[in-house]
Amino acid sequence: MPACVRLFDAVVGRGLLRCRLARGLAVVLSLALGAWLTAAADAEEAASALRLDSSDAWRSSQAALGHPIGDFALLDRAGRPVRLSGYRGKPLLVSFVYTGCFQVCPANTRALDEAVAALQGRFGAHRFNVVSIGFNQPADTPLAMKAFATQQRVDLPDWEFLSPHPAIVAALTADFGFRWRATPSGFDHVLQLSVVDAEGRLVYQLYGDRPSAESLAEVLQRLFDGAPPPEPTALAALLDRVRLLCTVYDPVTGTVRVDYSLAIEVAGGATFVLAMLLYMFNEWRLWRRAARLTRRKAPVGAPAQADAD
């Protein structure tokens, strides 16, 4: 057998061997990926049974926009009755907390305190009101709300901590599009700051780890000017959904932050699948090329088995 033919056969043989190895590797990696995805799906299903339905929470929060807030009667920290209609005439910022929370609610309230201080410095102390409402009833009493405000060192003017009667919690939170769910460790709830205009209509929802003073300033300025609040862009809406889904408490810093690990895991899995598809496609092209070269170089009428030297 000529040396060039033996060299060609060796190259083709290596190409076919690479193709077989690639097929085997693809099968092994596919099985491993399938097992990982199955385990991840089972773990996610078990965890989601205890978590708040984030998609439903997002729809409820957005569906409440533009609707008037009912004239609910609550109690302030001194136990005096307060009606929400009493806050009309100025914009109102509303947050929901529960006093038994030792992580997210305190950190979020302290962050809101910083934002409100900046807004009051910009617009003045009496241009808008703020209320924090305890939704865990009957535990969030006026005394508990007073203690919570003291613990978070909130003493800014025009900021009150209110307790609703247990019978109105469902209707009150529904008006604000606020969703929560009891869990073994407390409550899984939306981190949401609602903006109500001077006429008592819910006009804006702000989500995430830290209420942005800049975003709130833009909303308040438009309300002061008698203009509608800004319409969120598609990108802003997407970021809001990420903040709503991925906000977690960081015990190291004592603050809440956006956890992008879920998005990174999804992107990593998609990248792995894409890389595998590209690798298999490239190996298929090499196999096709080797097969074409075999048909092109083989002598016409040559025997199927090579002659022994």
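This passage describes the strands, aromatic rings and cavities of a predicted model.

A good place to begin is with two neighbouring strands. Strand 3 covers residues 92–97, and it runs parallel to strand 4, to which it is joined by six bridges. Two of the partnerships can be followed residue by residue: Leu92 has Asn129 as its bridge partner in strand 4, and Leu93 is partnered there by Val130. In a regular strand, side chains alternate between the two faces of the sheet. That pattern can be traced in strand 3, where Leu92, Val94 and Phe96 point one way while Leu93, Ser95 and Val97 point the other way. Whichever way they point, these residues are all buried, and strand 3 is accordingly described as mostly covered, with six of its six residues buried.

Strand 4 can be read in a similar manner. Asn129, Val131 and Ile133 point one way from this strand, and Val130, Ser132 and Gly134 point the other way. Here too, six of six residues are buried. Is Asn129, a member of strand 4, buried or exposed? Its relative accessible area is 10%, and a residue counts as buried when this value is under 20%, so Asn129 is buried. For Ile133, also in strand 4, the relative accessibility is 0%, so this residue counts as buried as well.

Both residues also show how the folded chain brings separate stretches of sequence together. The C-alpha atoms of Asn129 and Pro91 are 6.4 Å apart in space, although their positions lie 38 residues apart in sequence. For Ile133 and Pro164, which are 31 residues apart along the chain, the C-alpha separation is 7.4 Å.

Next come the aromatic rings. The whole structure holds 12 aromatic pairs. One of them is formed by Trp58 and Tyr207, whose ring centres are 5.4 Å apart. Why is this pair called tilted? The ring planes meet at 40 degrees, and planes under 30 degrees apart would count as stacked and those over 60 as edge-to-face, so the pair falls into the tilted class. Trp58 belongs to helix 2 (residues 54–63) and Tyr207 to strand 9, so the pair ties together parts that are 149 residues apart in sequence. Both partners are buried: Trp58 has a relative accessible area of 12%, and Tyr207 has a relative accessibility of 4%.

A further pair is made by Phe135 and Trp180. The centres of these two rings are 5.5 Å apart and their planes are at 50 degrees, so this pair is tilted too. Phe135 sits in the loop between strand 4 (129–134) and helix 4 (142–151), whereas Trp180 is in strand 6 (residues 180–183), so the pair links parts that are 45 residues apart in sequence. In terms of accessibility, Phe135 counts as buried at 3%, while Trp180 is partly exposed at 28%. Phe135 and Trp180 are also members of one aromatic cluster, together with Phe96, Tyr98, Phe176, Phe178 and Phe187. Phe96, already met in strand 3, thus appears in this cluster.

Rings can have charged neighbours as well. The charged end of Arg127 sits over the ring of Phe224, at 4.0 Å from the ring centre.

Finally, there is the empty space inside the model. Rolling a probe the size of a water molecule over the atoms shows where such space is left. How many cavities of 30 Å³ or more does a search of the whole structure find? There are three. The largest has a volume of about 90 Å³. Among the residues lining this cavity are Ile69, Tyr87, Arg88, Lys90, Phe176 and Asp197, along with Leu92. Sorted by class, its lining contains six nonpolar, three polar and three charged residues.

The second largest cavity has a volume of about 70 Å³. Its lining includes Ser95, Asn108, Leu112, Gln192, Leu193 and Leu206, and also Tyr207, the residue whose ring pairs with that of Trp58. Helix 3 (104–123), strand 8 (192–196) and strand 9 (202–207) are the elements that each give two or more residues to the lining of the second largest cavity. By class, this lining has six nonpolar and four polar residues, with no charged residues.

How values were computed. Residues numbered from 1 in each chain as written. Predicted model: local features only at pLDDT ≥ 70, side-chain atom pairs only at ≥ 80, totals over all residues. Heavy atoms only, no water. 1 Å grid on protein atoms, 1.4 Å probe; cavity = no way out; pocket = protein on both sides within 12 Å on 5 of 7 lines; lining within 4 Å. Points joined across faces, edges and corners; volume = space filled by probe spheres on them. Nonpolar A, V, L, I, M, F, W, Y, C, P; charged D, E, K, R; others polar. Helix = DSSP H or I, 4+ residues; strand = E, 2+ residues; numbered from the N terminus. Phe/Tyr/Trp six-rings, centres within 6.5 Å; stacked < 30°, edge-to-face > 60°. Buried < 20%, exposed > 50% of the residue type's maximum accessible area, 1.4 Å probe, protein only. Lys NZ or Arg CZ within 6 Å of the ring centre and 35° of its normal. Pairing = 2+ DSSP bridges.
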